Amino acid sequence: MFTGIIQGKAKIESIETKKDFKTHVIRMPSDLLDELKLGASIAHNGVCLTVTRINGDLLSFDLMQETLRITNLGEVAVGDEINIERAMKMSDEIGGHLLSGHVYSMARIDEIRQTENNYQIWFSLLQPHLIKYILTKGYIGIDGISLTVGSVENGRFCVNLIPETLQRTIISDKTVGDKVNLEIDSQTQAVVDTVERYLGEKVHLETK
């Protein structure tokens, strides 16, 4: 599990490509190496991956076909930076919201509105049916960042970013047309699905 509070950025040092499979090697920030072991879980742009090799501050991770297909990790190149978060510990403060590291889909940046004191990004979904799980003032995971939904309008949604988030993560490097990884809030999904199922059963009974 993760908190959505990004701990740092890491650069992709090399990528080994095989059929339907890639191995990414990243250079881990030195302050995030403490007690790191093989098999540890680290979120890359919100995607939970397993450490398969440690060589100093160089860490290796294997990415399967499904991960490459549904996340933006299939599009990153050597030299790119990614958001990094190590798995939370039971004693950790949860400053964001609980994230599983299981990305559902991607969203595309439609618009960036930047003023002197505000930085707002509008997104459209690659799978539009997921919009029912995105609610104004609800939680959303964008490239592993825990964010609050600012508004939902006409099948799109936006988030507002503070300077600390822009400085700490890679989101300020994104431009219109770029894709980001999306993890919807599991509690919101459970409530929406339960209500839909209840209403569907009620309509079925009333029409019998």
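This is a short tutorial dialogue on reading the contact between two domains in a predicted model.

User: Where should I place the domains along the chain?

Analyst: Domain 1 covers 8-86 and domain 2 covers 105-193. The unreviewed UniProt entry annotates the repeat "Lumazine-binding" at residues 1-97 and 98-195. The span 98-195 is 16% helix and 44% strand, and its end C-alpha atoms lie 22 Å apart.

User: How many Å separate the domain centres, and how many residues does each domain bring to the contact?

Analyst: Taken over C-alpha atoms, the centres are 23 Å apart. Domain 1 brings 15 residues to the contact and domain 2 brings 14.

User: How is the size of an interface often given?

Analyst: Often as the accessible area lost when the parts come together. Here, about 1000 Å² is buried between domain 1 and domain 2, with carbon and sulfur atoms giving 39% of that. On the domain 1 side, K9, N72 and N83 lose the most area, together 44% of what that side buries.

User: Which polar links should I look for across the interface?

Analyst: Start with the salt bridge between the side chains of K179 and E75, at 3.4 Å from N to O. The count between the two domains is one salt bridge. You can also look for eight residue pairs in polar contact across the interface.

User: Which elements supply the domain 1 side, and what classes of residue are there?

Analyst: Strand 1 (8-18), helix 1 (65-70) and strand 6 (81-86) each supply at least two residues. Strand 6 gives the most, with four residues. By class, that side has three nonpolar, seven polar and five charged residues.

Note on methods
Residues numbered from 1 in each chain as written. Predicted model: local features only at pLDDT ≥ 70, side-chain atom pairs only at ≥ 80, totals over all residues. Heavy atoms only, no water. UniProt positions renumbered as here; feature names shortened; annotations may be inferred. Domains from an automatic or database assignment. Contact = heavy atoms within 4.5 Å. Buried area = accessible area lost by both parts, 1.4 Å probe. Salt bridge = Lys/Arg side-chain N within 4 Å of Asp/Glu carboxyl O. Polar contact = N/O pair within 3.5 Å; in protein donor to acceptor, adjacent residues only side chain to side chain. Nonpolar A, V, L, I, M, F, W, Y, C, P; charged D, E, K, R; others polar.
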